[in-house]
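Biologist: Before I rely on the descriptive terms used for a protein, I should like to see each of them justified. Could you take me through the structure below?

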Amino acid sequence: MAASSAMRQAAAPANEGFSVQLRSLGIRPTVIRLCVLQTLAEGGSEWLGGEEVFRRMLRRGTATGLASVYRVIKELEKVNLVQREWERSLGGARAVHRLWRTQPAERTVRMRCGGCNASVEVVDEVLHAGLMRAAQAHGLPAGGPVTVQLACVQQDCARCDDAQPQAARAFAVSAGVHAGGVVQP
């Protein structure tokens, strides 16, 4: 039991700001809540699925269950500490999360690999305006943040191969998905 307690102490995040935030919202700052917040903070602008948050917490030595991680993420969403977005791919859609950002979403452009879902966000008014004009020219609704789905041009990308089942990757290549990107306003 002492080893478990020591492991939890080692896994507790150094950022006391999360404890203060949780207390100000009337939420008890448990080890799991603090570690979920710390894991999302370490991800920066990267969107993480619940399973990835869980794996990263386990690598850091936080003993917890996947259901607890999902419960805490949902709880933190309700108090606007965590954002959720739906990531679409050939296999369907999955929820991904990150800490709530205060940057203006209207000028944000998110570029995402269609194979492994790796993404990066940039705030670029000129790029955003150009993408909005292209969306409007093709009859798509324009406004707000933009996601550009890019295709991995590497035939043997280890990152995409690990993230996507072989059958789905073969379908994507045969369907010509690798030849271009999709603009989603």
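Modeller: The following exchange sets the computed values against the definitions.

Biologist: What makes a feature of this model eligible for discussion?

Modeller: The model is predicted, and local features need pLDDT of at least 70, side-chain atom pairs count only at pLDDT 80 or more, and totals for chains, interfaces and linings use all residues. Residues are numbered from 1 along each chain as its sequence is written, and side-chain values use heavy atoms, with hydrogens and water left out.

Biologist: How do you know how many helices and strands the protein has?

Modeller: Helices (H or I, at least four residues) and strands (E, at least two) are DSSP runs numbered from the N terminus. On that basis the protein has eight helices and six strands, in the order α-α-α-α-α-β-β-β-β-α-β-α-α-β.

Biologist: Why is Thr39 called buried or exposed?

Modeller: Buried means under 20% relative accessible area, exposed over 50%, and partly exposed in between, with a 1.4 Å probe and protein chains only. Thr39, in helix α3 (residues 31-42), has a relative accessible area of 1% and is therefore buried. Thr64, in the loop between α4 and α5 (66-78), has 19% and so also counts as buried. Val123, in strand β4 (residues 119-123), has 41% and is therefore partly exposed. In the protein as a whole, buried residues make up 36% of the 185 residues.

Biologist: What makes α3 largely enclosed by the rest of the structure?

Modeller: Nine of its twelve residues are buried, so α3 is largely enclosed. Among them are Ile32, Cys35, Val36 and Thr39.

Biologist: How do you know that the span of α3 is close to the one expected?

Modeller: The expected span of a helix is 1.5 Å times one less than its number of residues. The twelve residues of α3 reach 16 Å from first C-alpha to last, close to the expected 16 Å. Just after α3, Gly44 takes a positive phi of about 60°.

Biologist: Which residues is Thr39 in contact with, leaving aside its neighbours within four places in sequence?

Modeller: Contact means heavy atoms within 4.5 Å. With those neighbours set aside, Thr39 is in contact with Leu48, Val53, Arg56, Met57 and Arg60. Under the same exclusion, the partners of Thr64 are Ile32, Phe54, Met57, Leu58 and Val69.

Biologist: Why is α3 called roughly perpendicular to α4?

Modeller: Axes are lines fitted to C-alpha atoms, for helices over the stretch in contact, and angles run from 0 to 180 degrees between N-to-C directions. Angles under 35 degrees count as roughly parallel, over 145 as roughly antiparallel, 65 to 115 as roughly perpendicular and the rest as oblique. The axes of α3 and helix α4 (residues 50-59) come within 10 Å and cross at roughly 105°, which makes the two helices roughly perpendicular. There, Ile32, Cys35, Val36, Thr39 and Leu40 of α3 meet Val53, Arg56 and Met57 of α4.

Biologist: What makes α3 roughly perpendicular to α5?

Modeller: The axes of α3 and α5 come within 10 Å and cross at roughly 75°, so α3 is roughly perpendicular to α5. Ile32, Arg33, Val36 and Leu37 in α3 meet Val69, Val72, Ile73, Glu75 and Leu76 in α5. By class, this contact has seven nonpolar, no polar and two charged residues. Ala, Val, Leu, Ile, Met, Phe, Trp, Tyr, Cys and Pro count as nonpolar, Asp, Glu, Lys and Arg as charged, and the others, Gly among them, as polar.
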